[in-house]
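Take a look at the chain below. Start with its open spaces, then follow the helices and a few single residues.

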Amino acid sequence: MPGLVSVKTPPDAPQLSISVPEPQTHTQTRPESSVPRTPNKKPPSPSPSRSKPSPTRSAKKPPPDSPLLSDASLDNPDLGPFLLKLARDTIASGEGPSKALDYAIRASKSFERCAIDGEPSLDLVMSLHVLAAIYCSLGRFEEAVPVLERAITVPDLQRGMDHALAAFSGHMQLGDTYSMIGQLDKSIASYEEGLKIQIDALGDTDPRVGETSRYLAEAHVQAMNFDRAEELCKKTLDIHRAHSEPASIEEAADRRLMALVCEAKGDYEAALEHLVLASMAMIANGQDIEVAAIDVSIGNIYMSLCRFDEAVFSYQKALTVFKSSKGDNHPSVASVFVRLADLYHKTGKLRESKSYCENASRIYAKPVPGTTAEEIACGLTEISAIYESVDEPEEALKLLQKAIKLLEDKPGQQSTIAGIEARMGVMFYMVGRYEDARNSFESAVSKLRASGERKSAFFGVVLNQMGLACVQLFKIDEAAELFEEARAILEQECGPCHQDTIGVYSNLAATYDAMGRVEDAIEILEYVLKLREEKLGIANPDFEDEKGRLAELLKEAGRARNKKAKSLENLIDPNSKRTKKESTRRWPGLGFRI
C-alpha cells in the first residue's frame with residue numbers, strides 16, 4: 001500500500017504528554033494507524049513506588065526560587081519529594097513545562113545526593129522518569145535519552161517487584177523516546193528488554209505481558225519485522241483468550257494486528273479470517289465505528305485477491321457508517337474515497353477513480369477540527385500514488401511536497417519523510433529531473449542512516465536508485481560507491497538470487513565497464529548469468545541482454561567466457577549500475593515500495 005504509515009496508535013491518539021500522575025504511562029505521538037488500540041485499556045507499564053512526604057517535614061518551606069535554596073540545601077532528604085510534587089503541581093496547573101523542568105532537575109539532584117551508598121533509590125528513578133517526560137514535552141528528545149539511560153541502571157532486579165517494574169517502566173519510556181527521534185531499532189531493543197523484565201517479574205501469561213507484547217508487535221510491524229510481529233501476536237492472542245471473555249474487544253484488536261501481519265506476508269486468506277472474527281467481536285460489543293474500520297481492511301484484502309465487487313461492497317458499508325457518524329468531511333470518509341479510487345483505477349474505470357481522488361483531496365484541503373497532520377499527509381501520499389500510476393507525476397509531486405511540509409516539524413516522522421522523499425526521487429527521475437532526483441534520494445538516505453535503517457532492504461533499494469540518478473549526471477565514481485553499498489545490503493537482506501540484488505549486480509557491472517574496470521564487470525556478469533542458468537532460469541528477457549553485454553566485454557578483452565564464475569565474495573565491490581537506456585527500462589522492476 002502506498003505511504004509509510006505506522007500501526008502504533010490511532011489517528012485520534014493524544015499527543016505526547018508528561019506522565020506524572022500516579023500510574024506512569026507511555027504515551028507517544030505516532031503516525032496514522034490502521035490497527036487502533038483497544039479503547040480505554042490500561043497502559044502496560046506500571047510505575048515504580050514513590051516516596052511519600054516525611055511526617056517530620058517542616059510545614060513551611062522557602063519557595064524553590066528563593067536564594068535560600070542553594071545547592072547545599074539539596075542534601076536535605078525532604079527536599080526531593082517536595083520539588084517533585086511541585087513539578088507535578090506545576091504541570092497540572094498549566095503553568096508550562098519550563099518551570100516544572102527546573103523543579104524536576106533539582107529533585108533528581110536531591111534524590112541522587114541523598115541516596116545511600118549501595119542502595120538503589122526508586123525515588124531517584126521516578127524523578128528521572130518525570131524529568132525525561134518533561135524534556136520530551138519540550139521536544140528535547142535527545143536530552144531525555146541519557147536521563148532514561150541513567151534511570152534504567154538504578155533499579156536492582158534482585159530486590160523484588162518494585163525494582164523490576166521500575167526497570168520495565170524505564171525501558172518502555174526509553175523505547176518511546178527513541179521512537180520519537182526515529183531510531184526504531186534502538187526503540188525495539190529497549191521494548192524487548194522491557195518485555196523480558198516484565199515476564200521475569202509477572203510470568204509469561206499475565207494480562208499485562210499480553211499488552212506489552214502487542215505494543216512490541218506493533219513496533220515490529222512498523223519496522224517490517226513481520227515474523228517477530230506474528231510470534232508476539234500469537235502470544236498476545238493466547239493470553240487474551242485465557243483471561244478475557246470470548247469475542248472480547250482485546251481479542252478483536254489482536255486479530256486486526258494479526259491480519260495486518262498476514263496481509264504483509266501475502267497470506268490474504270488468513271488475514272481475511274482474522275478480520276471477519278474481529279468484526280464479529282466488535283459487532284457483539286456494539287462498536288459500530290470499529291466495525292466500519294474493519295470493513296475497510298476487509299475491502300483491502302478483497303482487492304488484493306481481485307474480488308473487486310466484494311471490495312466495493314465492504315468500502316461502501318464503511319462509507320455509510322463514517323458519513324452518518326462522523327460527517328461527510330471527516331478524514332475517515334476521505335480515506336475510503338482513496339481506497340475506492342485505487343480500486344477503480346485497478347479495474348480500468350479511470351474517470352471514477354479521478355473523481356474519488358478529487359473528493360478526497362477536497363476533504364484533506366479543509367480538514368475538520370481534530371484532524372492530525374499525520375492523517376492528512378498519509379491521505380495525500382496515497383492519492384499521489386494513484387496520480388503517479390495514471391502518469392501524472394507533476395500532480396503526484398505536488399501532493400508529496402504538501403505531505404512533507406505537514407510532517408517536517410513532527411517528531412518521530414523522519415522515516416516517513418524519508419520514504420516520501422525516496423518516492424519523489426523516483427518521480428523526478430521519471431520526468432528527467434535527475435539533479436532533483438539525486439537530491440531527494442540523498443536527503444532520504446541521510447534520514448534513513450540517522451534512524452538506524454541502514455541495513456534494511458528498502459535502504460538498499462534507495463541507494464541503488466540514487467546511484468541511477470548519479471549515472472545520468474555522469475557522477476560515475478559516486479554511483480559506484482552507492483551500488484557497492486546497495487549490493488552488500490541486498491545480499492544480506494534478500495540474498496543473491498533476489499530480483500533487486502540481481503538488478504544491482506547488473507548496474508554495478510555497467511558502472512565498472514564505464515570506469516574501465518572491464519575484468520570486474522566481466523566477473524560480475526558471469527556470476528549473474530550463472531545464477532540465472534542454475535537457479536533462476538533463462539526465460540527472463542534480461543538474460544539475453546546480459547549475455548549480449550558479456551559477449552561484447554569478452555570480445556573487447558580478447559577472451560572467452562569462463563562458465564565457472566567466481567563468487568562475488570572474491571570481488572572488491574559487487575554492486576550494479578546501468579546505462580541510461582538500461583536504467584530507464586529496468587526501473588519498474590526494482591521493487592521500489594514506499
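The second largest pocket of this predicted model has a volume of about 240 Å³. Its lining is made of 15 residues, and those closest to the centre are Phe111, Cys114, Ala115, Ser121 and Asp123. Three helices each give two or more residues to this lining: H1 (79–93), H2 (97–114) and H3 (122–137). Which helix gives the most to the lining? The answer is H2, with 3 residues. By character, the lining of the second largest pocket divides into 8 nonpolar, 5 polar and 2 charged residues. Rolling a probe the size of a water molecule over the atoms shows where empty space is left.

**The whole chain**

Now step back. The chain has 24 helices and 0 strands. It holds 594 residues, and 54% of them count as buried. Look next at contacts between residues at least 6 apart in sequence. Of these contacts, 67% join residues at least 24 apart.

**Two helices checked by length**

A helix can be tested with a ruler. At 1.5 Å a residue, the length of a helix leads to an expected span. The table sets this beside the distance between the end C-alpha atoms.

| Helix | Residues | Expected span | End C-alpha distance |
|---|---|---|---|
| H10 (268–284) | 17 residues | 24 Å | 24 Å |
| H21 (499–514) | 16 residues | 22 Å | 23 Å |

For H10, the expected span and the distance agree. They agree for H21 as well.

What comes after each helix? H10 is followed by glycine 286, whose phi is positive, near 70 degrees. H21 is followed by glycine 516, and its phi is positive too, near 90 degrees.

Both helices have buried residues. In H10 these are Ala270, Ala271, Leu272, His274, Leu275, Ala278, Ser279, Ala281 and Met282. What covers the buried residues of H10? The cover includes helix H8 (226–243), helix H9 (249–264) and helix H11 (288–304). H21 is mostly covered, with 13 of its 16 residues buried.

**A repeat in the record**

An unreviewed UniProt entry lists "repeat: TPR" at residues 292–325 and 502–535. Take the stretch 292–325 in the model. The chain there is 91% helix and 0% strand. The end C-alpha atoms of that stretch are 10 Å apart.

**Two residues up close**

Serine 384 is found in helix H15 (residues 373–389). Is serine 384 buried or exposed? Its relative accessible area is 0%, so serine 384 is buried. Leaving aside neighbours within four places in sequence, serine 384 is in contact with Ala396, Leu399, Leu400 and Arg423.

Glutamine 401 lies in helix H16 (residues 393–407). Why does glutamine 401 count as partly exposed? The reason is its relative accessibility of 40%, because partly exposed covers the range between under 20% for buried and over 50% for exposed. Again leaving aside neighbours within four places in sequence, glutamine 401 is in contact with Met424 and Phe428. Alanine 377 is 24 residues from glutamine 401 along the chain, and their C-alpha atoms are separated by 9.6 Å.

Key. Residues are numbered from 1 along each chain as its sequence is written. This is a predicted model: local features need pLDDT of at least 70, side-chain atom pairs count only at pLDDT 80 or more; totals for chains, interfaces and linings use all residues. Side-chain values use heavy atoms; hydrogens and water are left out. Helices (H or I, at least four residues) and strands (E, at least two) are DSSP runs, numbered from the N terminus. The expected span of a helix is 1.5 Å times one less than its number of residues. Buried means under 20% relative accessible area, exposed over 50%, partly exposed in between (1.4 Å probe, protein chains only). UniProt positions are given in the numbering used here, feature names are shortened, and annotations may be inferred rather than shown by experiment. On a 1 Å grid over the protein atoms alone, a cavity is a set of points where a 1.4 Å probe fits but cannot get out, and a pocket is an open set with protein on both sides within 12 Å along at least five of seven lines; lining residues have an atom within 4 Å of a point. Grid points are joined across faces, edges and corners, and a volume is the space filled by probe spheres set on the points. Ala, Val, Leu, Ile, Met, Phe, Trp, Tyr, Cys and Pro count as nonpolar, Asp, Glu, Lys and Arg as charged, and the others, Gly among them, as polar. Contact means heavy atoms within 4.5 Å.
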